[in-house]
Amino acid sequence: KALRQAGDTRLSLEERYGSTAGYVNAVTTAVNKLVSERLMLGSDAAGAIANATAWFTQASKGMLP
């Protein structure tokens with residue numbers, strides 16, 4: 001939040017998810033919903049979650065637990 005540019009009203013990753021685990025939980029919930037609605041293959045679920053986790057770690061610069 002402190003690093004946010006003046007005038008940018010978007011919530012920071014920490015404000016939105018609290019931690020890496022919070023983000024992974026949100027992604028996992030969304031992926032499971034897509035699979036249950038048959039909009040994503042079950043075989044793609046683990047890869048999507050892994051990619052999202054890697055993205056979050058990189059986007060947060062590893063600053064969140």
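Trainee: Leaving aside its neighbours within four places in sequence, which residues is Leu64 in contact with?

Mentor: This is a predicted model, and contact here means heavy atoms within 4.5 Å. Once the neighbours within four places in sequence are set aside, the residues in contact with Leu64 are Leu13, Glu14, Gly18, Ser19, Thr20 and Phe56.

Trainee: Which helix gives the most to the largest nonpolar core?

Mentor: Leu64 and Phe56 both belong to the largest nonpolar core, whose 8 residues also include Tyr23, Val27, Val31, Ala45, Ile49 and Ala52. At least two residues of this core come from each of two helices, α2 (20–36) and α3 (42–59). The helix that gives the most, with 4 residues, is α3.

Trainee: Is the protein chain more spread out or less spread out than a compact globule?

Mentor: The protein chain has 3 helices and 0 strands, and along the sequence the pattern reads α-α-α. For 65 residues the globule rule gives 11 Å, whereas the radius of gyration of the protein chain is 14 Å, well over that value, so the chain is, compared with a compact globule, more spread out.

Trainee: What share of the residues of the protein chain count as buried?

Mentor: The C-alpha atoms fill a box of roughly 40 × 20 × 15 Å along the principal axes, and the accessible surface of the chain comes to about 4800 Å², with 57% of it belonging to carbon and sulfur atoms. A residue counts as buried when its relative accessible area is under 20%. Among the 65 residues of the protein chain, the share that meets this is 18%.

Conventions: Residues numbered from 1 in each chain as written. Predicted model: local features only at pLDDT ≥ 70, side-chain atom pairs only at ≥ 80, totals over all residues. Heavy atoms only, no water. Rg over C-alpha atoms; globule rule 2.2 N^0.38 Å. Buried < 20%, exposed > 50% of the residue type's maximum accessible area, 1.4 Å probe, protein only. Areas by Shrake-Rupley, 256 points an atom, 1.4 Å probe, with all protein chains shown as cover. Core = buried A, V, L, I, M, F, W, Y, C linked by side-chain atoms within 4.5 Å.
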